[in-house]
Amino acid sequence: MTAVRSSPGPAAAYAFRLGVIAGAIAGLAVVGVLYWQGVLSLAIAGYVLATLFPVYLVLVATVLSVWLGYDKDATALRPVYRPKNSE
């Protein structure tokens, strides 16, 4: 029995965008609260925002894309070739 795979619709696109925005706000809020509480110094907070925060956003986007059905497997691949007449 083959699995039925449908492509995500506009609701999934909206949920992905909303999830990334919510994840970014939550991440910034955590860094802000940790800085305000004195757990992070200004230099460490800057390091977290410059280097770790983008990695966190990629992880949030990855989790959301798998959850919403944007992930693709090997069956979704198509061969890429150039027609002989095009330059």
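Me: Which residue, with a positive phi near 90 degrees, follows helix 1?

Reply: Happy to help: this is a predicted model, where local features need pLDDT of at least 70, side-chain atom pairs count only at pLDDT 80 or more, and totals for chains, interfaces and linings use all residues. Numbering starts from 1 along each chain as its sequence is written, and side-chain values use heavy atoms, leaving out hydrogens and water. Helix 1 (helices are DSSP runs of H or I, at least four residues, numbered from the N terminus) spans residues 10–37. With phi positive, near 90 degrees, the residue that follows helix 1 is Gly38.

Me: How many Å apart are the end C-alpha atoms of helix 2?

Reply: Helix 2 has 27 residues, so at 1.5 Å a residue it should span 39 Å (1.5 Å times one less than the number of residues). The distance in the model agrees with that, at 36 Å.

Me: Where in helix 2 does the kink lie?

Reply: The kink is about 45 degrees, taken as the angle between axes fitted to the seven residues ending at a residue and the seven starting there. A proline, Pro54, comes shortly after the kink, which lies at Leu52.

Me: What do the buried residues of helix 1 pack against?

Reply: Those buried residues (under 20% relative accessible area, 1.4 Å probe, protein chains only) are Ala12, Gly19, Gly23, Ala24, Gly27 and Val31. Across the contact (heavy atoms within 4.5 Å), the buried residues of helix 2 pack against helix 1, and include Phe53 and Leu64. From its own side, helix 1 packs its buried residues against helix 2.

Terms used:
Helices (H or I, at least four residues) and strands (E, at least two) are DSSP runs, numbered from the N terminus. Buried means under 20% relative accessible area, exposed over 50%, partly exposed in between (1.4 Å probe, protein chains only).
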